[in-house]
Amino acid sequence: MRYNIERIEKILVKEGGKGLKNFHSYLDNILRLLKSDGSDFEKGHELLGCVAGYISTNPSGTAEPDPIWIINREICIVSEDKIYNEGKRIPPNDVKEAAGHKLWVQKKYDSLGLYKEAKIYTVFVTTAEKIQDNTALFGEDICYLSREKLYNWAEKVIDLLKQAYRTFVGEGDTVWRESTIKLFEEEGVAPEDYITMIDKKHLKDL
């Protein structure tokens, strides 16, 4: 978490500087977006990365990745977001699309601020619980994360940010930084915890 705390401070200065009510509305809107689909869901996913302290971006264009969360120059999480109708299985074309995201990041590592040899995790975020037969062969190394789990993780992050805001006195306060880092680590929402969560299950396990 230590490599993210400065970014969280900047969010608290920028958005928290607009007042408590506006800050809470900003955070609650992220949860609302994460209950949506399409571009609204992607926006919520991107903003969640920002408030959680990642460098978060959502490239535009056909077949490009959905939100990319960068922890530091050594670790990156690239996602494919697919919100399906109830009961739909993940089709091969969507998995093939996700499988290409790692290469996309590798080709743009410098502009993303990554080391060339950075560790890249690809995560498929979806409402689907099943995958079409043999489809997993196209993306054996792709992590699987249900929207429900992402939303539950987001709720924890948002709640902790609201707590941290109450004691925030400005950028660079060592005591606040240490207590906030400890808070995120104790609640299991530090970056390493997120990686552990997404890496528990892969598309091949569906």
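**View A. Lys162 is buried, with a relative accessibility of 17%, and pairs with Asp28 in a salt bridge.** The model is predicted. The value for Lys162 is 17%, and the cut-off for a buried residue is under 20%, so Lys162 falls in the buried class. In the salt bridge, the N to O distance between the side chains of Asp28 and Lys162 is 2.8 Å. Asp28 belongs to helix H2 (residues 20-34) and Lys162 to helix H6, so the salt bridge ties together parts that are 134 residues apart in sequence. On the H2 side, Asp28 is partly exposed, at a relative accessible area of 35%. The pair therefore joins a partly exposed acid to a buried lysine. It is one of ten salt bridges counted in the model.

**View B. Helix H6 covers residues 147-166.** The helix has 20 residues, and from its first C-alpha to its last it reaches 29 Å, which is close to the 28 Å expected at 1.5 Å a residue. Buried residues in H6 include Arg147, Leu150, Tyr151, Trp153, Ala154 and Val157. Farther along the helix, Ile158, Leu160, Leu161, Lys162, Ala164 and Tyr165 are buried as well. Charged side chains are thus found among the buried residues of H6, including Arg147 and Lys162.

**View C. Leu160 and Ile158 are residues of helix H6, shown here with distances to other parts of the chain.** Leu160 is buried, at 3% relative accessibility. From Leu160 to Glu187 the C-alpha to C-alpha distance is 8.6 Å, for a separation of 27 residues in sequence. Ile158 is also in H6 and is buried, at 2% relative accessibility. The C-alpha atoms of Ile158 and Asn93 are 34 Å apart, and 65 residues separate this pair along the chain.

**View D. Glu80, Lys82, Asp94 and Glu97 form a network of salt bridges.** Lys82 meets the side chain of Glu80 at 3.4 Å, N to O. Glu80 is buried, with a relative accessibility of 2%. Lys82 also meets the side chain of Glu97, here at 3.6 Å, N to O. Lys82 is in strand E3 (residues 75-82) and Glu97 is in helix H4 (residues 92-99), so this contact ties together parts that are 15 residues apart in sequence. Glu97 is partly exposed, at 24% relative accessibility. Lys82 therefore has a buried partner in Glu80 and a partly exposed partner in Glu97. Asp94 is a further member of the network.

**View E. Asn85 is in the loop between E3 and H4.** This asparagine is exposed, with 66% relative accessibility. Asn85 and Ala128 have their C-alpha atoms 8.2 Å apart, while their positions lie 43 residues apart along the chain as a sequence separation.

**View F. Asn134 has a positive phi although it is not a glycine.** The phi angle is about 70°. Asn134 is located in the loop between strand E4 (119-126) and strand E5 (143-146). Its relative accessibility is 60%, and Asn134 counts as exposed. The cut-off for the exposed class is over 50%, so Asn134 at 60% meets this condition.

**View G. A patch of positive charge on the surface gathers arginine and lysine side chains.** The patch consists of Arg89, Lys130, Lys149, Lys200 and Lys201. Lys201 is in the segment after helix H8 (191-198). Its relative accessible area is 37%, and Lys201 is therefore partly exposed. Lys149 also falls within the residue range of helix H6, 147-166.

**View H. Ile5 is in helix H1 (residues 5-14).** Ile5 is buried, at 2% relative accessibility. The C-alpha atoms of Ile5 and Trp176 are 10.0 Å apart in space, and the pair is 171 residues apart in sequence.

Note on methods: Residues are numbered from 1 along each chain as its sequence is written. This is a predicted model: local features need pLDDT of at least 70, side-chain atom pairs count only at pLDDT 80 or more; totals for chains, interfaces and linings use all residues. Side-chain values use heavy atoms; hydrogens and water are left out. Patches are made of residues with over 30% relative accessible area and no salt bridge: like charges are joined within 9 Å, nonpolar side chains (Val, Leu, Ile, Met, Phe, Trp, Tyr) within 5 Å. Accessible areas come from the Shrake-Rupley method with a 1.4 Å probe; for residues, only the protein chains shown count as cover. A salt bridge is a side-chain nitrogen of Lys or Arg within 4 Å of a carboxyl oxygen of Asp or Glu. Lys and Arg count as positive and Asp and Glu as negative; His and the chain ends are not counted. The place of a charge is taken as NZ of Lys, CZ of Arg, CG of Asp or CD of Glu. Helices (H or I, at least four residues) and strands (E, at least two) are DSSP runs, numbered from the N terminus. Buried means under 20% relative accessible area, exposed over 50%, partly exposed in between (1.4 Å probe, protein chains only). The expected span of a helix is 1.5 Å times one less than its number of residues.
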